[in-house]
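Colleague: I am new to this structure and would like a close look at a single part of it. Please choose one helix and take me through its surroundings in one connected account.

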Amino acid sequence: METNLTPEFLSWIQNLRREFHQNPELSMKEVRTTSRVKEILKGLGLEVSSLAEMTGAIGILRGSGSKRAIALRADMDALPIQEENDVSYRSNIDGSMHACGHDAHTAIMLGVAKKLVDSGLYKKLDGDVVFIFQPAEEIGMGARMIIEQGVLEGLNIEKILACHLSAMEVGKVGICPGVCYAASD
């Protein structure tokens, strides 16, 4: 299958991931990350909303056709760990780092939004794509708070898909039907 992932597009995602990695924010303190995500989503023309009394954001890409939707979720928070890696993009925040891949999850979902917009593919979709940028996954509160606030109500979401980095062979994708990973909400 042709992916059309140009070097420029791949560099854009890599730079975003490194930016998030250098500026990790702990659960419920993802202020800079939330601001950056909203800025990018707005720049792509998505409808963007904040989450009440918490960090995180929702972006809606309106397709055509029905009022149904699919949601894509990315977690954004970092862990309270001191980074000891010697890389150019290491954490600038003492005692905080992205050790679980949430920097990449956020960059990947922004890349999906960009690809859908740039290609015009979203116009052919029978429904909307809702991007959920969830805070506080590491403390097991973010998803529950989003649900309890009613953020997803009225969006007609039929399925929510999330990504999580895992040790796999490069070029392979694993799919877990149903609920998976330790703190699924």
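Modeller: Begin with Asp103: in this predicted model, leaving out residues up to four places away in sequence, Asp103 touches Arg17, Phe20, His21 and His98. Asp103 lies in helix H3, which runs over residues 102-119, and H3 is the part to follow here. With a relative accessible area of 2%, Asp103 counts as buried, because buried means under 20%. Its side chain is also joined to that of Arg17 by a polar contact of 3.0 Å.

One of the residues touched by Asp103 is His21, which belongs to helix H1 (residues 7-22). His21 has a relative accessible area of 3%, so it too is buried. Apart from residues up to four places away in sequence, the list of residues that His21 touches is Glu83, Tyr89, Arg90, Ser91, Met97, His98 and Asp103. His98 therefore appears in the contacts of both Asp103 and His21.

The wider setting of that contact is helix H1. Its buried residues are Phe9, Ile13, Leu16, Glu19, Phe20 and His21. What do these buried residues pack against? They pack against helix H2 (31-43) and against H3. The length of H1 can be checked as well: its 16 residues should span 22 Å at 1.5 Å a residue, and the end C-alpha atoms are 22 Å apart, so the two values agree.

The same check can be made on H3. For its 18 residues, 1.5 Å a residue gives an expected span of 26 Å; the C-alpha atoms at its two ends are 25 Å apart, which agrees. How much of H3 is covered? The helix is mostly covered, with 13 of its 18 residues buried.

Ala113 is a residue of H3 to look at next. Its relative accessibility is 0%, so Ala113 counts as buried. Leaving out residues up to four places away in sequence, Ala113 touches Leu41, Leu44 and Phe131. Leu41 falls within the range of H2, 31-43, while Phe131 falls within strand S4, 126-134. Contact with H1 was described above for Asp103; as for Ala113, its C-alpha atom is 16 Å from that of Asn15, and the two residues are 98 apart in sequence.

H3 also takes part in a pocket. The second largest pocket has a volume of about 200 Å³. Its lining is made up of Ile70, Leu72, Val112, Lys115, Leu116, Ser119, Leu121, Leu125 and Val129. Which element gives the largest share of this lining? H3 does, with four residues. Strand S3 (64-75) and H3 each supply at least two residues. By class, the lining has seven nonpolar residues, one polar residue and one charged residue. Lys115 is among the lining residues, and since Lys counts as charged, Lys115 is the charged one. A general point about helices helps in reading such a list: an α-helix has 3.6 residues a turn, so residues three or four places apart point the same way.

Strand S3 has another residue worth a remark, Gly65. Gly65 is exposed, because its relative accessible area of 63% is over 50%. The C-alpha atom of Gly65 is 35 Å from that of Gly101, although the two residues are 36 apart along the chain.

At its other end, H3 is followed by Gly120, which has a positive phi, near 75°. Most residues other than glycine have a negative phi. Two residues that are not glycines nevertheless have a positive phi: Met28, at about 70°, and Glu53, at about 60°. Met28 lies in the loop between H1 and H2, and counts as partly exposed at 27% relative accessibility. Glu53 sits in the loop between strand S1 (47-50) and strand S2 (57-61); with a relative accessible area of 82%, Glu53 is exposed.

Taken together, H3 is mostly covered, meets H1 at the contact of Asp103 with His21, and gives four residues to the lining of the second largest pocket.

Conventions:
Residues numbered from 1 in each chain as written. Predicted model: local features only at pLDDT ≥ 70, side-chain atom pairs only at ≥ 80, totals over all residues. Heavy atoms only, no water. Buried < 20%, exposed > 50% of the residue type's maximum accessible area, 1.4 Å probe, protein only. Contact = heavy atoms within 4.5 Å. Polar contact = N/O pair within 3.5 Å; in protein donor to acceptor, adjacent residues only side chain to side chain. 1 Å grid on protein atoms, 1.4 Å probe; cavity = no way out; pocket = protein on both sides within 12 Å on 5 of 7 lines; lining within 4 Å. Points joined across faces, edges and corners; volume = space filled by probe spheres on them. Expected span 1.5 Å × (residues − 1).
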